[in-house]
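Please open the structure in your viewer and keep the selection tool at hand. This tour goes from one stop to the next, saying each time what to select and what to look for there.

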There are 2 protein chains.
Amino acid sequence: MTLAFQPRGFKVCARNIGIKQGLLDFTVIASEVPASGAAVFTQSAFCGSPIIVGREHVKDGVLQAFVINSGNSNVATGEQGIQNAREIVRLVADELGIKPEDILPSSTGVIGRQLPMDIIRAGIQGVGRDLKDGHLEDAAVAIMTTDTRPKVRSAQIGDAVLVGMAKGSGMIEPNMATMLSYFVTDAKIDPETLQSLLRDVVNLSFNMVSVDTDTSTSDTVAMMANGLAGEVDLEEFRRVFTAMAIELAQDIARDGEGATKLIEVRVKGANSFRDAKALAKSIVNSPLVKTAIFGTDPNWGRIAMALGKVDTQDTRIDPYQVQISFGDLMVYDKGNSDAGQLDALTRYLQGTDILIDVHLNLGSHEATVWGCDLTYDYVKINGEYTT
Amino acid sequence: MTLAFQPRGFKVCARNIGIKQGLLDFTVIASEVPASGAAVFTQSAFCGSPIIVGREHVKDGVLQAFVINSGNSNVATGEQGIQNAREIVRLVADELGIKPEDILPSSTGVIGRQLPMDIIRAGIQGVGRDLKDGHLEDAAVAIMTTDTRPKVRSAQIGDAVLVGMAKGSGMIEPNMATMLSYFVTDAKIDPETLQSLLRDVVNLSFNMVSVDTDTSTSDTVAMMANGLAGEVDLEEFRRVFTAMAIELAQDIARDGEGATKLIEVRVKGANSFRDAKALAKSIVNSPLVKTAIFGTDPNWGRIAMALGKVDTQDTRIDPYQVQISFGDLMVYDKGNSDAGQLDALTRYLQGTDILIDVHLNLGSHEATVWGCDLTYDYVKINGEYTT
């Protein structure tokens, strides 16, 4: 796979250094010049060591490289884990001839084990020499774990190019899903604007995805804008960036562990975005909804259940006002339902893209979220041995 | 099965009236005299029609009968559904020669279809005549759906007897789990005391159970105290009642849809009960924790993940203070873990009763919750056709 567009001044090195057997497990994405940097991280109280180091390094709004390993998440590893994350950053900085504090590190994999530092120290040697121009898609492959396909997009905004990539759920060892996503652009955008833009975009894309309700200790979305293409129309950039992030978020949901179907849930007519999102998330996270969609069971009553259980803040749901549709098929209309539509619903559920549309008919706020079905393979992938 | 103790003055009728093929689907539990009544219901905004009628009828603190059908939950059925619930109560009241407003109705089963009222009207005929003394265990069998065993307990408190029964997750048609539980006693307890006692007990038992995070539209715990045995030591009654409700709650978790293991999670050392409960629920509800326990995967890092993702209100988790144990096996001790214990943990997970003990070492509050593993059978039961 080759991307249509490559931004100026970014280089990549992707390697197998031996943390995992035979698969790419280490990658560096570097800018030729210091770039505006922005990042948002997991809210987990048990966050990984690289998150702690990354938060420090992005604070001044300048980044020049991302370094990512898979096979071990460096989480719940105490003070030694933080020292190891710092050492990796220092060794990569030496290789690249840049400042350690301009590097943002990420790790994904099993929790609660120290990184194999001997292997990593040896693996970092020569990384600076091996950096290659214009192949950002290589990094999208290198950050995969048990993702079944790389998730990467490119787009042009004026003279500038934006490339985004993400990894989703699945490990080479069964382990928790970790979402990592990186964006690089040669557009010139100042760090404050970049951070605020990134936060807005994440709130409409990655924060609207749920594979299995289990927030990772390592989730990271990070961005560099190195300015080599000069300034761009910021509104156009925001529009393209948002669309790209939503596509990557959908890719993650569609490729969730064991998933066979993408589920999109839209909730409209709430009194706040907060409530619309909470209701949509309740539907997309419900194991009863997810298993029904896997089994093409036209049990739409579970949508009513998932709405009813939410402790909404600003919206008082009235079952006599609610409308529930699958695609164009309305199954519940303000207290009335038509049992004759169950066959049509079963046929609709045989597709791979399921749209659930709920209108509360109360307020003017709406939210759209993405998830996937719950399958035998999810149980299999996550019930097997780590060891 | 015969209960060791039966309270004075309660009668039961259990029937198959044809809502479901061949299985008991209709039961009445009645007191000979008006009793103090108390009930707590689902908080669902999409609650069932019987809940709406039950809330009205328990308001004055007097109940004389419970009437319960399975096979259809009478939820999302609009005004017609409420009229149907009222008609059932009226017909049963005529049969029993008691007031309709002293009857609390419950329904469990599929959502979004009107009750088959012709069948139900015919089925109620002769119920009054068929009421039998002293076989409350019959009702525990009649409220079962796909529960694999009845859940019923009896105990003596002074001269009085307390009987409790519950149904858990699973339907004859795959559908959402509904928890129904009924307690009857011949102790003399005034309605206000009974309601406050019931609420306290439910908060420590049924509200601490989660099979699959999906709050039913029909959950009901109801109680009658008919006073025929006179007054009792209320503290002893509370102690026995709490213990019985916890046992029934554990029964429900152990018999959750597809479950092979009971999971008990204790979180200690939080700054509030609210936080301890939220953290314990996050662990017991995590699909990654549930699948790991099903697969005897010693992946204890998922406990750290489940703690980290909770937005706690009063407690700021410090990973350097946290201790995580399975049974007596400490796997994470304030930042340190011992990879050598993974084999012992695998052996522990081969049992059917899994205890996860988390100490935050911050405050003095604790909570205990119960759940079950997530298995292939859960996906199977809930992915199959309703129709």
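A residue counts as buried when its relative accessible area is under 20%, as exposed when that value is over 50%, and as partly exposed in between. Keep in mind throughout that the model on your screen is predicted.

**Stop 1: inside chain A**

Select V53(A), which you will find in helix α1, residues 49–58 of chain A. Is V53(A) buried or exposed? Its relative accessible area is 0%, so V53(A) is buried. Now show what surrounds this side chain: if residues up to four places away in sequence are set aside, V53(A) touches I82(A), A85(A), R86(A) and P105(A). Add L104(A) to the selection as well, since the C-alpha atoms of V53(A) and L104(A) are 7.5 Å apart in space although 51 residues separate them in sequence.

Next, select helix α9 of chain A, residues 287–294, where seven of the eight residues are buried, so that the helix is largely enclosed by the rest of the structure. The buried ones are P287(A), L288(A), V289(A), K290(A), T291(A), A292(A) and I293(A). Step just past the end of this helix to T296(A), whose phi is positive, at about 45°.

**Stop 2: positive phi angles in two loops**

Most residues other than glycine have a negative phi. With that in mind, select K334(A), a residue other than glycine whose phi is positive and near 55°. K334(A) sits in the loop between β12 (329–333) and β13 (336–337) of chain A, and with a relative accessible area of 36% it is partly exposed.

Then move to N74(B), which is not a glycine either and has a positive phi of about 55°. The place to look is the loop between β3 (62–72) and α2 of chain B, where N74(B) is buried, its relative accessible area being 0%.

**Stop 3: salt bridges in chain B**

Side chains of opposite charge can pair when their charged atoms come close. Over all chains, the structure holds 30 salt bridges, and three of those in chain B can be visited in turn.

Select D186(B) and R8(B), which form a salt bridge with their closest N and O atoms 3.3 Å apart. D186(B) is in the loop between β8 (180–185) and α6 (191–204) of chain B, while R8(B) is in the segment before β1 (10–15), so this pair ties together parts that lie 178 residues apart in sequence. D186(B) is buried at a relative accessible area of 0%, whereas R8(B) is partly exposed at 41%.

Continue with R86(B) and E56(B), another salt bridge, in which the closest N and O atoms are 2.9 Å apart. Here R86(B) belongs to helix α2 and E56(B) to helix α1 (residues 49–58) of chain B, so that distant parts of the chain, 30 residues apart, are linked. Both partners are partly exposed, R86(B) with a relative accessible area of 33% and E56(B) with one of 40%.

The next pair is R266(B) and D357(B), whose side chains meet in a salt bridge of 3.3 Å, N to O. R266(B) lies in strand β11 (residues 262–270) and D357(B) in strand β15 (residues 353–359) of chain B, so the pair ties together parts 91 residues apart in sequence. R266(B) is partly exposed, at 26%, but D357(B), at 15% relative accessibility, counts as buried. If you turn to chain A, you can select E264(A), R266(A), K268(A) and D357(A), which are joined into one network by salt bridges that share partners.

**Stop 4: where the two chains meet**

Now show both chains together and look at the contact between them, in which 63 residues of chain B are in contact with 62 residues of chain A. Which three residues supply more of the area that chain B buries against chain A than any other three? They are F46(B), Y376(B) and V379(B), which give 14% of that area. The whole buried area between the chains is about 4800 Å², and carbon and sulfur atoms give 62% of it.

Finally, consider how the copies are arranged: a rotation of 180°, with 0.0 Å of shift along its axis, superposes chain B on chain A with an RMSD of 0.0 Å. The two copies are thus related as by a two-fold rotation axis. To place this axis on your screen, select Y376(B), whose C-alpha is the nearest to the axis in chain B, at 2.8 Å.

Terms used
Residues are numbered from 1 along each chain as its sequence is written. Chains are lettered from A and ligands numbered from 1 in the order in which they are written. This is a predicted model: local features need pLDDT of at least 70, side-chain atom pairs count only at pLDDT 80 or more; totals for chains, interfaces and linings use all residues. Side-chain values use heavy atoms; hydrogens and water are left out. Contact means heavy atoms within 4.5 Å. Buried area is the accessible area (1.4 Å probe) that two parts lose on being put together, summed over both. Helices (H or I, at least four residues) and strands (E, at least two) are DSSP runs, numbered from the N terminus. Buried means under 20% relative accessible area, exposed over 50%, partly exposed in between (1.4 Å probe, protein chains only). Copies are superposed by least squares on the C-alpha atoms of residues with pLDDT of at least 70 in both. A salt bridge is a side-chain nitrogen of Lys or Arg within 4 Å of a carboxyl oxygen of Asp or Glu.
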